[in-house]
Amino acid sequence: QVQLVESGGGLVQAGGSLRLSCVASGSITGFNAVGWYRQAPGKQRELVATISSGGGTNYAASVKGRFTMSRDNAKNTVYLQMNSLKPEDTAVYYCNAGPWSVVLTTGFTLWGQGTQVTVSS
């Protein structure tokens with residue numbers, strides 16, 4: 001089973017940028033989709049962005065125009081470039097990969113430890 005490890009989080013001021021990385025222990029080319037998710041304290045985990053095996057991306061309305069998801073198959077890595085960060089972006093960010101039906105419904109049973117993003121006002 002391919003393991004995914006998130007990194008790149010940190011503390012940043014509003015308006016700043018961060019780039020998150022999601023490194024897979026094996027090839028990611030076999031997955032239909034990869035998703036970035038986030039969970040803020042007291043809230044449910046939500047889907048932030050997805051990327052298909054062909055590189056097509058989609059974003060939640062709350063991050064569209066500010067976040068960019070990309071993938072480097074040679075490095076088995078998916079990225080989330082986050083610009084113009086807002087305090088409401090504060091959350092633990094996770095990545096996961098699998099069939100579209102699972103990615104879109106956040107239906108995974110196993111999650112990594114995630115990476116904390118904190119945006120100060």
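These legends describe close-up views of a predicted model. Residues are numbered from 1 along each chain as its sequence is written, and side-chain values use heavy atoms, with hydrogens and water left out. Because the model is predicted, local features need pLDDT of at least 70 and side-chain atom pairs count only at pLDDT 80 or more, while totals for chains, interfaces and linings use all residues.

**View 1. The disulfide between C22 and C95.** The structure holds 1 disulfide (a pair of cysteine sulfur atoms within 2.5 Å). It joins C22 and C95, with the sulfur atoms 2.0 Å apart. The pair links distant parts of the chain, as C22 is in strand 3 (residues 18-24) and C95 is in strand 9 (residues 91-98), 73 residues apart. Strands (E, at least two residues) and helices (H or I, at least four residues) are DSSP runs, numbered from the N terminus. The torsion about the S-S bond is about 75°, so the disulfide is right-handed. C22 is buried, with a relative accessible area of 2%, and C95 is also buried, with a value of 2%. Buried means under 20% relative accessible area, exposed means over 50%, and partly exposed lies in between (1.4 Å probe, protein chains only).

**View 2. Strand 3 and its partners, strand 1 and strand 8.** Two strands pair if DSSP finds at least two bridges between them. Strand 1 (residues 4-7) runs antiparallel to strand 3, and 4 bridges join them. In this pairing E6 stands opposite C22. Strand 8 is also antiparallel to strand 3, over 6 bridges, and M82 in strand 8 is the bridge partner of L18. In strand 3, 5 of the 7 residues are buried, so the strand is largely enclosed by the rest of the structure.

**View 3. The open sheet of 6 strands.** The strands follow the order 2-10-9-4-5-6, and their pairing is mixed. Strand 2 (10-13) and strand 6 (57-59) stand at the edges with a single partner strand each, so one side of each has no neighbour in the sheet. From one strand to the next the twist averages 25°; axes are lines fitted to C-alpha atoms, for helices over the stretch in contact, and angles run from 0 to 180 degrees between N-to-C directions. Within the sheet, strand 9 pairs with strand 10 in the antiparallel sense over 3 bridges, and A91 stands opposite V117 in strand 10.

**View 4. The largest nonpolar core and the surroundings of Y93.** A nonpolar core is a set of buried Ala, Val, Leu, Ile, Met, Phe, Trp, Tyr and Cys residues joined through side-chain atoms within 4.5 Å. The largest has 27 residues, of which W36, F67, M69, V78, L80, M82 and Y93 touch the most other members. Strands that each supply at least two residues of this core include strand 4 (33-39) and strand 5 (46-52). A second, separate core of 6 residues includes A33, Y37, V103 and F108. Leaving aside neighbours within four places in sequence, Y93 has contacts (heavy atoms within 4.5 Å) that include E6, L20, W36, F67, G114 and V117.

**View 5. Two loop residues with positive phi, N76 and T106.** Most residues other than glycine have a negative phi. Phi of N76 is near 50°, and N76 is in the loop between strand 7 (67-72) and strand 8 (77-82). T106 has a positive phi of about 50° and lies in the loop between helix 1 (100-104) and strand 10 (115-120). T106 is partly exposed, with a relative accessible area of 23%.
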